[in-house]
Amino acid sequence: MSVAYFNGTFVDSNDPVVPIDERGHQFGDGVYELIRIYNSKPFMLEEHLDRLYMSAKAIALPFDQKRESFKEIIFQLIERSGLDNLDVYMQITRGMAPRNHLFPDAPVSISMTAKPFRSIPPELREKGAKAILHPDERWMNCYIKSLNLLPNILAKQEAHKAGCLEAILHRDGKLTEGTSTNVYVIKDSRIQTTPLSRHILAGITRMAVQKIAMEAAIPFEEKHVDIEELYEADEVFITSTTNEVMPIVQVGDKLIGDGQPGPMTRLLQRHFQELTTTTVSADA
């Protein structure tokens, strides 16, 4: 079942609970995380919480709930859902107050939902997905996982209209990331991806892929990749919590390699699946 949590109360996810004057609704004044649960175990929970607390601090949001008590809410939500494999979405906002641009003197608002895995067609992981290129029109602090996602949404919609899964964003001729993913090219058996900066999100799945690459002795390079290098790549893939490791076989009208998922992407997919099903060392 789909269950939710709002400021101390567990509710049905369809129950109306957010007041009109909630600042997440009024201003997008908040931050969020999405954690995937495999076999009842949160994957890379600590890393997700590190980023959540960092994002809150970056927007001066006074989210001071003790980490252990916050984790307990997450585990209670998982248990109440009755699901083994699910997505937990959490959102922290600056709370409820009459509409005013200045920060209010109000407690933060915490909401969460627990729902079955977001559906990704299995054939996409098997055969690979398509993407478009799109200018990166977002703000300059994309390292914060904030609620302000309108430019991402507009670019993602353009990708959807073109029959594609994702829009790969670029600034000044260099790739940044996808609308909701990190982007990688493989050339001469080397993984290349945009260096971490204020302009991209430090993806949790990105961390997992970097770890896999290190253990498999695959070179993992942080470099600014230009559009021509994308087109000339041997393989391209994207990562995110919901997409996991997703091959990209075509960008616009350009096939990547031979238009099929490549051997290194396949290897990363296999190793990632092993990570989610074997140990719990990164989970709790």
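Me: Looking at strand pairing, in which sense do strand 3 and strand 5 pair, and over how many bridges?

Reply: Check the direction of the two strands, then follow the bridges. In this predicted model, strand 3 pairs with strand 5 (residues 86-93) in the antiparallel sense, over eight bridges. For one anchor point, take Arg36: its bridge partner in strand 5 is Asp87.

Me: What about strand 4, over how many bridges does it pair with strand 3?

Reply: Two bridges, again read as antiparallel, link strand 3 to strand 4 (residues 41-42). Tyr38 has Lys41 as its bridge partner in strand 4. Have a look at the turn too: the hairpin has two residues between the strands, and Asn39 takes a positive phi near 50 degrees.

Me: Is strand 3 buried or exposed?

Reply: Count residues under the 20% cut-off for relative accessible area. For strand 3 (residues 30-38), nine of the nine are buried, so the strand is largely enclosed by the rest of the structure. Then split the strand by face. Gly30, Tyr32, Leu34, Arg36 and Tyr38 sit on one side, Val31, Glu33, Ile35 and Ile37 on the other, and all are buried.

Me: Next, the nonpolar core. Which residues of the largest one touch the most other members?

Reply: Look for the hubs of the contact network. In this core of 27 residues, they are Phe63, Phe70, Met90, Ile92 and Met112. Strand 1 (3-6), strand 3, helix 2 (45-58), helix 3 (67-81), strand 5 and strand 6 (109-116) each supply at least two residues. Helix 3 gives the most, with five.

Me: Which residues is Phe70 in contact with, leaving aside neighbours within four places in sequence?

Reply: The list is Leu49, Leu52, Tyr53, Phe63, Gln65, Met90, Ile92, Ile110 and Met112. Apart from this core lies another, of 19 residues, including Ile186, Ile218, Phe237 and Met264.

Me: And pockets: how much space lies in the largest one?

Reply: The general idea is that rolling a probe the size of a water molecule over the atoms shows where empty space is left. Here the largest pocket holds about 890 Å³. Of its 38 lining residues, Tyr32, Lys145, Thr179, Ser180 and Thr181 are the closest to its centre. By class, the lining has 15 nonpolar, 16 polar and seven charged residues.

Me: What volume does the second largest pocket have, then?

Reply: About 370 Å³. Among its 24 lining residues, those closest to the centre are Tyr89, Gln91, Ser111, Met112 and Thr113. Strand 6 brings the largest share of that lining, seven residues.

Conventions:
Residues numbered from 1 in each chain as written. Predicted model: local features only at pLDDT ≥ 70, side-chain atom pairs only at ≥ 80, totals over all residues. Heavy atoms only, no water. Buried < 20%, exposed > 50% of the residue type's maximum accessible area, 1.4 Å probe, protein only. Helix = DSSP H or I, 4+ residues; strand = E, 2+ residues; numbered from the N terminus. Pairing = 2+ DSSP bridges. Core = buried A, V, L, I, M, F, W, Y, C linked by side-chain atoms within 4.5 Å. Contact = heavy atoms within 4.5 Å. 1 Å grid on protein atoms, 1.4 Å probe; cavity = no way out; pocket = protein on both sides within 12 Å on 5 of 7 lines; lining within 4 Å. Points joined across faces, edges and corners; volume = space filled by probe spheres on them. Nonpolar A, V, L, I, M, F, W, Y, C, P; charged D, E, K, R; others polar.
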